[in-house]
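Hi,

Here's the structure I promised to pass on. Have a look at it first, then read on for what turned up when I went looking for spaces inside it.

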Amino acid sequence: MTEQQKQLKQFTFYELYEDILNCLNDTQAGKMANRICAYEFEDVEPTGDMTDEEKFYWENLSEMLHEVKDLEKEDKIPKKYNYKSKHFTFLPLYYRAMKLLNAAKCGMFVKGICRYMLHDELPKFEDKKVEGYFNLCKRQMDMSKQKKKAGSKGGKTKSADKKSELKPTEDTEEMTPTPQDMLQLTPTEEPTEQTNMPEDMPQLTVVEEQPESTQETEKIPTTPQDMPQLTVVEEQSESTQRLTYEQFRNTHPDIQGVLYGSSERYITDIDWADVATKFATDEELNKVRNIYYLARNYEQKYGQSR
């Protein structure tokens, strides 16, 4: 079987996919989830009518889906995305259950899987059929979680074992002096005890007085010589106005999601200091809790770029 004919038995489902599903109603989310699974498991490109919103989401997803799929077909791990985003393994069992549900129930089902696998939240379903399918798949979800935890712990224990193997050799090398070394140590220890001679005392006082004098000069306030320091403070305050994407994310930890694919241009294209200002003053913008939609809405509304 060639690489193009090879079909995936499972694929990696990222938090970005969940972010998009959560922006859609249950029916739209079910259709989008089916498109993703059909593309991953069956190599089927999306067909049928899509709304402008659905087309927009798919255009932003397709590049990442294609890149990750090519890697996983070669039995490689997409480390670039795995390090950036939460993720879990989407099994064909879940897809088979999705095919037995209509679009709306499918959307509820997949959203529930994402909450459980990505956030450890056990979802509650009003529909008994969806709840039953979820409970049947939950055993596989729990096994997948256990494998992931065991894998992370295994990596840590291996690194710890390597460190523990190195420590005894370092200690034994440091703690195995020869009898000749012991004889050499005794003469050097005696002079060090005799170094506290009266002639050496002035040298000690000079060393101690120098740092004290420097500390006193640093405490002298508001002399004319100190005035240029005000300009340094002003320059620092101006530099803080230049906010990077990473600094914006650090100061707004409640905003979820990651910029992928073509949306990565927002990292450098827009002024994040202005985004922070508008986010604090614009009530509509302040309601957005996904970084991609925040950047897109800001660009559409204000159109400012670097």
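A quick definition before the numbers: a pocket here is an open set of grid points with protein on both sides within 12 Å along at least five of seven lines, whereas a cavity is a set of points where a 1.4 Å probe fits but cannot get out. Also, keep in mind that this is a predicted model.

Let's start with the pocket. The largest one holds about 970 Å³ of space. It is lined by 32 residues, and Q10, T12, H87, F88 and T89 are the closest to its centre. By class, that lining has 13 charged, 10 nonpolar and nine polar residues. As for where they come from, α7 (128–174) is among the elements that supply at least two residues each, along with β1 (11–14), α3, α4 (79–84), β2 (87–90) and α6 (103–119). The biggest share is from α7, which gives seven residues.

Now the closed space. The count comes to one cavity of 30 Å³ or more, and the largest cavity has about 90 Å³ of space. Its lining is made up of L16, D19, I20, Y57, N60, V258, Y260, S263, N290, Y292 and Y293. Seven of these are nonpolar, three are polar and one is charged. At least two lining residues come from each of α1 (15–22), α3 (52–73) and α15 (291–302), and α1 gives the most, with three.

One thing to look for when you open it up: α3 supplies at least two residues to the lining of the largest pocket and at least two to that of the largest cavity.

Cheers

Terms used
Residues are numbered from 1 along each chain as its sequence is written. This is a predicted model: local features need pLDDT of at least 70, side-chain atom pairs count only at pLDDT 80 or more; totals for chains, interfaces and linings use all residues. Side-chain values use heavy atoms; hydrogens and water are left out. On a 1 Å grid over the protein atoms alone, a cavity is a set of points where a 1.4 Å probe fits but cannot get out, and a pocket is an open set with protein on both sides within 12 Å along at least five of seven lines; lining residues have an atom within 4 Å of a point. Grid points are joined across faces, edges and corners, and a volume is the space filled by probe spheres set on the points. Helices (H or I, at least four residues) and strands (E, at least two) are DSSP runs, numbered from the N terminus. Ala, Val, Leu, Ile, Met, Phe, Trp, Tyr, Cys and Pro count as nonpolar, Asp, Glu, Lys and Arg as charged, and the others, Gly among them, as polar.
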